[in-house]
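Open the model in a viewer and keep the sequence panel visible. Each stop below gives a selection and then says what is there.

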Amino acid sequence: MTDDNLILNCQNVVMDYDGFKALNNCNFSVHYNELRVVIGPNGAGKTTLLDVICGKTKPTSGKVLFGKGINLVGKNAEDITKLGVGRKFQAPSIYANLSVWQNLDLSVKRASKGVFPTLMGRSTPAERERIDETLETIGLTEHAHDRAGSLSHGQKQWLEIGMVILQDPSLLLVDEPVAGMSDKETEQTGQLLTKLSGKQAIVVIEHDMDFVRQIANIVTVLAEGTVVCEGTVETVQADEHVRAIYLGRAKVAH
Amino acid sequence: MPEQMATQQNSRETLSFYITGFVLLVVLPVLNVLPSEDSWLYLSDFRLNQFGKFLCFAILALGLDLIWGYCGVLSMGQGVFFGFGAYCMGMYLALQIGKESVYGSELPDFMVWTQVKELPFFWYPFKSFAGALLGAILVPVLFATIFGFLAFRSRIKGVYFAIITQALAFAAWLVFNRNETRLGGTNGLTDFKQLLGYRLSDPSTQRGLYIMTVLALGAAYLFCRWIVASRAGKVLIAIRDSESRVTFSGYTPWMFKLFVFVVAAGLAGVSGMLYVPQVGIITPAQIGVLPSLEVVIWVAVGGRGTLIGAVLGAVAVNYGRSVLTNYFPEAWPFILGGLFVIVVTMFPDGLLGMIRKLSERKKTPAPLIKAEGSTAA
């Protein structure tokens, strides 16, 4: 594989919080249109990694190359969003007092999102069609005009995924989507993410190993801020070193 | 169907807009002019003028409702912008007194007794009515643009923003109180005689001002409704619900906050400009911390996040004050404070929320605002 196939290439990323290295020389890369799952024990730096990629936090050192070699480090969150990185937060982060449809309408990618274009803007038929399609994809067509705050936890998570994909990201970052979901909702979420991969690259952080088995091809194991293992679910689960780290028996070699 | 419900609610709102407009614009002035003074239908000059004052406050409340009710940013300094508008008009009216003043000087009285010999340069634009009109809108708008830019760009939020706006109100009060500011000090500007050649003591002039106020309120309401109904209006609500998500949807929240803050300041300026000729006096006491806080109470009582609620709250609380201060003048601050506590703790949707709850008890209730996510209360 050459570097041309990489949509994301994190090189030697260090995130130092006053001596605690949440990310320690982390090298992590993702191919175009790949669905990648990142697992790891608590405090491994998984969420920090997503924060660094999407511009929520600025790493101490290292590079985050996106697409054709654009370094995301030092750019603010709005600009990174415009470049095509979408972020789905761990806790549902939606607009509770707007309808589901309005939530999606605000999220659609548009040429300008300044105050005055937004004040004058009306949804075009093409945009409406896309919103309807997205409603279909996330299974919320019936709830289009409900107040988003009245949705169930799982529906809120899907709504947020819908909001993120309407921004046309080429890389979608999803943080623990199935935490707190029922088994049925978990399975539907898995189907949703599988359906979406292929149109864009997706990085999913997850704890739930059943869910990981359902959706993952390649799994990356993160521990103590660095990548310790990468491979298929079977390879990773069979890896003695990974097991030892999870059980707290082994130290990570940096 | 929810869509039908929305349009139904919309047409009901339009209908009540026209009815209210008709009552305010036609019925009340007619009741002031036509019936004889001892008829029970007669509306006295005093009452009509008082109502005009309440409607000025309603314009002020609309602005605060945009920034606080919709966008969740509490400004406790709206009195300052009201004051800018009021003083701009007050300066014009003070210059119109001319030789009729107590000392027979072309200069306003307070300048004579504070021994100001020449008109200060910043009074010059207010020799003309157009200058006063422009100033009453532009001064608060420009000031809010600079202040808001500095505050919002620095990501000052929630309670911190509330505190610095309160500090702003206090600072403005101090500045306007000083004689060196050349704005009449503690006594403010008063004893106005005429506006564009019309005597302010004439009931027909006051009636005209009342009608102007109703028209201005109607225009302000439609303007706010246009903002709220637009996609930008939805962004405001989105900022209130989840500001970080707004950022990750590609919007820049502080610019939207600045925009509504400036709109609110402009409305406050219009409100102050209409207030002064109807009340006949403007002093620093009307623009400080307490008057700014009262605006917050009006909006909370009426129902924040609904434009009608802001109007209703401003009129109801001020009417309540005019009635109750007749009987218990000392107790009013306690009544006002108590009202605020009761509304915030028991009726978060205010009067309008209560009305809707009562009228929609049988149907599915449509909640106005539910405290979810990060709502700056």
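The tour goes through a sheet, a strand pair, some loop residues and the contact between the chains.

This is a predicted model, in which local features need pLDDT of at least 70 and side-chain atom pairs count only at pLDDT 80 or more, while totals for chains, interfaces and linings use all residues. Residues are numbered from 1 along each chain as its sequence is written, and chains are lettered from A and ligands numbered from 1 in the order in which they are written.

**Stop 1: the open sheet of chain A**

Select β1, β2, β4 and β5 of chain A, an open sheet of four strands in the order β2-β1-β4-β5 with antiparallel pairing. Its edge strands, each paired on one side only, are β2 (20-31) and β5 (70-71) of chain A. Strands (E, at least two residues) and helices (H or I, at least four) are DSSP runs, numbered from the N terminus. Two strands pair if DSSP finds at least two bridges between them. Between β4 (residues 61-66) and β5 of chain A there are two bridges, and these strands run antiparallel. To see one bridge, pick A:L65, whose partner in β5(A) is A:N71.

Now add helix α1 (residues 46-54) of chain A, which packs on the sheet and touches β1 (6-17), β2 and β4 of chain A. The direction of α1 makes about 65 degrees with that of β2(A). Axes here are lines fitted to C-alpha atoms, for helices over the stretch in contact, and angles run from 0 to 180 degrees between N-to-C directions.

**Stop 2: β6 and β7 of chain A**

Select residues 85-88 of chain A, strand β6. A:V85 and A:R87 point one way and A:G86 and A:K88 the other, and all are buried. A residue is buried if 20 or more other C-beta atoms lie within 10 Å of its own, exposed if 12 or fewer, and partly exposed in between, with C-beta atoms placed from the backbone. In a regular strand the side chains alternate between the two faces of the sheet. β6(A) runs parallel to β7 (residues 171-175) of chain A, and four bridges join them. Opposite A:K88, in β7(A), stands A:V174.

**Stop 3: two residues with positive phi**

Most residues other than glycine have a negative phi. Select A:E176, in the loop between β7 and α7 (183-196) of chain A: its phi is near 40 degrees. A:E176 counts as buried because it has 20 C-beta neighbours inside 10 Å.

Next take B:Q115, in the loop between α4 (109-113) and α5 (129-153) of chain B. Its phi is positive, about 60 degrees, although it is not a glycine. B:Q115 is exposed, with 7 other C-beta atoms within 10 Å.

**Stop 4: A:G225**

A:G225 sits in the loop between β9 (218-223) and β10 (226-232) of chain A, and is buried, with 25 other C-beta atoms within 10 Å. Leaving aside neighbours within four places in sequence, its contacts (C-beta atoms, placed from the backbone, within 7 Å) are A:K21, A:A22, A:L23, A:N24, A:C26 and A:G45.

**Stop 5: where the chains touch**

Show both chains: 25 residues of chain A are in contact with 27 residues of chain B. On the side of chain A, the elements giving two or more residues are α2 (77-83), α3 (100-107) and α4 (115-120).

Key. Contact = placed C-beta atoms within 7 Å.
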